[in-house]
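Q: I'm new to this one and would like a close look at a single part. Could you walk me through a strand and the partners its side chains pick up?

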Amino acid sequence: MRRRLRTAGVAATAVLGLIASATPANAQVGTGPWTAENPSFTVQERGCGQVDGLNFELTCSTGSGDQRAERRYVTYTGGTRQFEGSFRIASMAGSRISLKQTFRDAPTAGPYFMLAVERGGRLYAVHGGDTLGSGATVGTSVRVNTVHQVGSTHKVYINGSLKQTVSSSGGSYYDKFGAYRTASGAGPVKVTWSGIKFWRK
């Protein structure tokens with residue numbers, strides 16, 4: 001009898017686990033329901049860029065060339081996608097470093113949104129120059145969410161507050177984060193990302 005009850009308990013636990021895994025996931029921002037994702041990625045190290053897990057570093061002060069240390073996630077098309085992650089700058093002798101990008105893959109490839117930081121802690125959108133936040137100083141953790149409804153809007157949240165909404169065309173896109181020298185920027189910089197999550201709906 002005891003063995004039979006134990007078996008029934010295991011079966012019930014398994015069923016509850018299946019129900020829990022089918023439940024829509026909660027996200028920090030935006031209206032749901034959301035479904036959690038775990039997209040694959042490739043690591044990009046160019047110039048003086050170095051990646052070690054979720055630690056990203058540009059070791060040089062070069063103001064030209066392709067200097068990057070990033071994760072590039074797989075391309076998505078259509079629907080609504082949310083990225084979440086927190087960064088903490090460990091050191092920054094340079095300035096104007098891109099930390100998070102939403103990149104267009106097709107029909108025309110190129111950067112669509114780039115969140116960058118200046119020495120001193122100002123966060124801004126590279127395209128247009130809008131200030132999106134402040135206080136991103138060395139040692140401070142900052143949470144970033146982007147909610148991209150392909151063909152409609154792209155929204156940027158800093159520490160849970162909506163900071164920018166721009167229109168989005170259709171096509172294919174992908175997410176990147178790490179440390180990347182902008183056209184007017186230079187390292188060195190060290191930044192650590194954490195709490196990386198993705199959702200779709």
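A: Let's start with two charged residues that are tucked away: Glu 70 and Lys 176 are both buried. This is a predicted model, and in it Glu 70 and Lys 176 form a salt bridge, with 3.1 Å between the closest N and O atoms. Glu 70 belongs to strand E5 (residues 68-73) and Lys 176 to strand E15 (residues 172-186), so the bridge ties together parts that are 106 residues apart in sequence.

Strand E15 is the part to keep your eye on. Take Asp 175, whose side chain meets that of Lys 100 in a salt bridge, at 2.9 Å from N to O. Here the link runs from strand E15 to strand E8 (residues 95-106), where Lys 100 sits, and the two residues are 75 apart along the chain. Asp 175 and Lys 100 are both buried too. As for the bridge of Glu 70 and Lys 176, it belongs to something wider: shared partners in salt bridges join Arg 46, Asp 66, Arg 68, Glu 70 and Lys 176 into one network.

Lys 176 has another partner besides. It lies over the face of Phe 103, 5.2 Å from the ring centre. Something similar goes on with Tyr 174: Arg 72 lies over the face of that ring, at 3.5 Å from its centre.

Now move along to Phe 177 and the aromatic side of the story. The chain has twelve aromatic pairs. One of them is Tyr 73 with Phe 177, a stacked pair with 5.8 Å from centre to centre and 25° between the planes. Why does it count as stacked? Because the angle of 25° falls under the 30 degrees used as the limit for stacking. Tyr 73 lies in strand E5 and Phe 177 in strand E15, so this pair ties together parts that are 104 residues apart in sequence. Both Tyr 73 and Phe 177 are buried.

Phe 177 also pairs with Phe 83, and that pair is tilted: the centres are 5.7 Å apart and the planes make an angle of 40°. With Phe 83 in strand E7 and Phe 177 in strand E15, the parts tied together are 94 residues apart in sequence. Phe 83 is buried, just as Phe 177 is. Step back a little and the ring pairs form a cluster, which takes in Phe 41, Phe 56, Tyr 73, Phe 83, Phe 87, Phe 177, Trp 193 and Phe 198.

Strand E7 (residues 80-92) has a charged link of its own, through Arg 81, which reaches Glu 37 in strand E1 (residues 35-37), 44 residues away. Glu 37 and Arg 81 form a salt bridge whose closest N and O atoms are 3.5 Å apart. Are these two buried or exposed? Glu 37 is partly exposed, with 29% relative accessibility, while Arg 81 is buried at 19%.

Finally, here's the wider setting. The chain has one helix and 16 strands, and its salt bridges number eleven. Of its 201 residues, 42% count as buried. Among contacts with a separation of 6 or more, 66% come from residues 24 or more positions apart. As for the outside, the chain exposes about 9,900 Å², with carbon and sulfur atoms supplying 50% of that area.

How values were computed: Residues numbered from 1 in each chain as written. Predicted model: local features only at pLDDT ≥ 70, side-chain atom pairs only at ≥ 80, totals over all residues. Heavy atoms only, no water. Salt bridge = Lys/Arg side-chain N within 4 Å of Asp/Glu carboxyl O. Helix = DSSP H or I, 4+ residues; strand = E, 2+ residues; numbered from the N terminus. Buried < 20%, exposed > 50% of the residue type's maximum accessible area, 1.4 Å probe, protein only. Contact = heavy atoms within 4.5 Å. Areas by Shrake-Rupley, 256 points an atom, 1.4 Å probe, with all protein chains shown as cover. Phe/Tyr/Trp six-rings, centres within 6.5 Å; stacked < 30°, edge-to-face > 60°. Lys NZ or Arg CZ within 6 Å of the ring centre and 35° of its normal.
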